Amino acid sequence: MTRLPVRHGRALIGLATAAAVATATATLGAAPASSAPSDGDCAALYPQSELVEGQPVTGLTVSKGTTPERFTGEYIGVLNSGIAPGLDMIMVRLSSREIDRVGGIWSGMSGSPVYARDGRLIGAVSYGLAYGASPVAGVTPYDAMDDYLTQPAAARISVAPRTAERIAAETDVSAAEAAQGFARLPMPLSVSGVSGPRLAQAAGKRTWLDRGVRAVGSAAASGTGPGADTIVAGGNLAAALSWGDVTMGGVGTATSVCGDEVVGFGHPMQYLGRTTESLHPASAVYVQEDPIGVPFKVANFGAPVGTITQDRLAGITGTIGTVPESTEVSSTLTYGDRSRTGTSNVSVRSATADVTFYQLLANHDRVIDGYQGGTEVQKWTIQGRDTEGTPFSLDMRDRYVSTSDIAFESPWDVADQAWLLSSLRGVTLDRIAVTTTLDDATTTVRVLRVEQYRAGRWVRVSRSNPILAWSGRRVLLRAIIGNADLNRIVRARFDVPAKARGTRGSLRVAGGAAVGQYVDGTDLGDLLDQYRSWVSNDEVQVGATLRRRGYTFRTSFTKAPRPWVVRGQQTVPMFVR
């Protein structure tokens, strides 16, 4: 058997929330965290009140690799409560060889420290003029970055006409452009291992995947990635909801490092408050200029080396050392002589369903290597712990078929289960393991008709020829399932209670793909029971309901699996004598 290499680093596709995107890639798995500097820079604060118009400033950021480069600039002014009530925005004009080359500050500079001449820290670059590339930056004051304010920030911050004229007088920006205000530097969530068209395809499904975003680009993964020692003031800093085959995260800049504590970005990553995002180093490949929007940094993620513990309005804070606990999501797919196992780790539980879906989709695309149909048998196990820490395990199996794109048709059920179980308060998911066998067949069958055995022969029943039953006796039935090329018989029987005499109702025979199952609730035990009675797509469900005033009889059972997905249903009236 040919085994494809397991790559835990694939191209990150930006899910753009603005005109530009900071595209990044993830490297192999989780590595032991290397030690952070014992003291870091432990920056001293420069009070905002001491700033004077025209005062020179300097800063640090990375445009290539991991080594911070110096930029210079000058203080322009302040927008009172420009970020949020009581949180001002400091405005500066910046310059460096790279800033000048690409036309202004870029997505990925968020968090770049800005210093006064004496080396004290003023704040972090975090906002740019809303219209596009510009050397004018909005700076989040450093004295707010440890406060973790929770008031929502405006997407765009207005600029008064007098301030716009001052910006225009000191830069190449027109007053009209400056008057459009400041917007947070783009911090789009990027997803590794999945192509741009796939992300767009998934985002249109109106499910837990629909984030109202779009994919705009990718970059190739390479190398083993940088270590924790590269996370320094002005160095690259990445935060992620998951890592591995599927890395969902964003790249910015560290503002200050003191001991093992890191502060960065100057604005939120996902605005999750207290969080368990994974903390990563990163290596910049280059900065891409954009003639329409904001330039953006292309970077490679390193393995996780710590935990982001706060994701707040004024920035993110994390600790280098311990990597967050995570749910392992693995997918093993075999298709002929090709087989691959891929794995991702989810550290933020709200991302569990997304990562599960993308992990399966990415592995399918890697093994199948094209849009095509087929049939697959999928088996999966979900392991976790309840609110008391008691382990539980759910084992499932189903069959899926598609004539055009089996990769996209098959991941939904396991991802839905991951979503519902991970949303239960106090429940922890430790592992989601999916094993899939795929072939090229696309055969399906339908429920064609239902027959009843009576008077010594099989009689087709229908709305005009209902099922006739006798109280206290057994009903013998069979369903014919098939297509233009084959027919198969599914036999069924059940006993009618003696007290059901005079009732009427119906019998429904449905292929598993037509059952329309809905699972809901907040009790773990109840949900597991519902899932364990799940009807697979290749099964046939038979159900009967009989009623008269004050009495109801119901029975339902599922017939053994068949080697095809079964569609369609037949519903027939039923009378009991």
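Contact means heavy atoms within 4.5 Å. This is a predicted model, in which local features need pLDDT of at least 70, side-chain atom pairs count only at pLDDT 80 or more, and totals for chains, interfaces and linings use all residues. Residues are numbered from 1 along each chain as its sequence is written, and side-chain values use heavy atoms, with hydrogens and water left out.

**Exercise 1. Describe how helix H6 packs against helix H8.**

Solution. Helices (H or I, at least four residues) and strands (E, at least two) are DSSP runs, numbered from the N terminus.

Step 1. Two packed helices are described by the angle between their axes and the distance between the axes. Axes are lines fitted to C-alpha atoms, for helices over the stretch in contact, and angles run from 0 to 180 degrees between N-to-C directions.

Step 2. For H6 (residues 352-368) and H8 (residues 412-422) the angle is about 160° and the axes lie 8 Å apart.

Step 3. Angles over 145 degrees count as roughly antiparallel, under 35 as roughly parallel, 65 to 115 as roughly perpendicular and the rest as oblique. H6 and H8 are therefore roughly antiparallel.

Step 4. The crossing of H6 and H8 is right-handed, the near helix being turned clockwise from the far one by less than a right angle.

Step 5. On the H6 side the contacts come from Thr-352, Ala-353, Thr-356, Phe-357 and Leu-360. Their counterparts in H8 are Trp-412, Val-414, Ala-415, Ala-418, Trp-419 and Ser-422.

**Exercise 2. Trace the open sheet of five strands and find its edges.**

Solution. Two strands pair if DSSP finds at least two bridges between them.

Step 1. The strand order is S29-S36-S32-S33-S34, and the pairing is mixed.

Step 2. S29 (467-469) and S34 (551-559) each have a single partner strand, so one side of each is left without a neighbour in the sheet.

Step 3. On average, neighbouring strands of this sheet are turned by 20° against each other, direction ignored.

Step 4. S32 (residues 504-511) and S33 (residues 540-548) run antiparallel and are joined by eight bridges; Gly-505 has Leu-546 in S33 as its bridge partner.

Step 5. S33 and S34 are also antiparallel, with nine bridges between them, and Val-540 is bridged to Lys-559 in S34. Two residues separate these strands in a hairpin, where Gly-550 in the turn has a positive phi of about 85°.

**Exercise 3. Characterise the disulfide of this structure.**

Solution. A disulfide is a pair of cysteine sulfur atoms within 2.5 Å.

Step 1. The structure holds one disulfide. Cys-42 and Cys-258 form it, with an S to S distance of 2.0 Å.

Step 2. The torsion about their S-S bond is about 90°, so the disulfide is right-handed.

Step 3. The two cysteines are 216 residues apart: Cys-42 is in the loop between strand S3 (24-25) and strand S4 (56-61), and Cys-258 is in strand S15 (residues 248-258).

Step 4. Buried means under 20% relative accessible area, exposed over 50%, and partly exposed in between (1.4 Å probe, protein chains only). Cys-42, at 36%, counts as partly exposed. Cys-258 is partly exposed, with 36%.

**Exercise 4. Are Phe-265 and Ala-455 buried or exposed?**

Solution.

Step 1. Phe-265 is not a glycine, yet has a positive phi of about 75°. Its place is the loop between strand S16 (261-264) and strand S17 (273-280). At 0% relative accessibility, Phe-265 is buried.

Step 2. Ala-455, another residue other than glycine, has a positive phi near 55°. The loop between strand S27 (444-454) and strand S28 (457-461) holds Ala-455. At 81% relative accessibility, Ala-455 is exposed.
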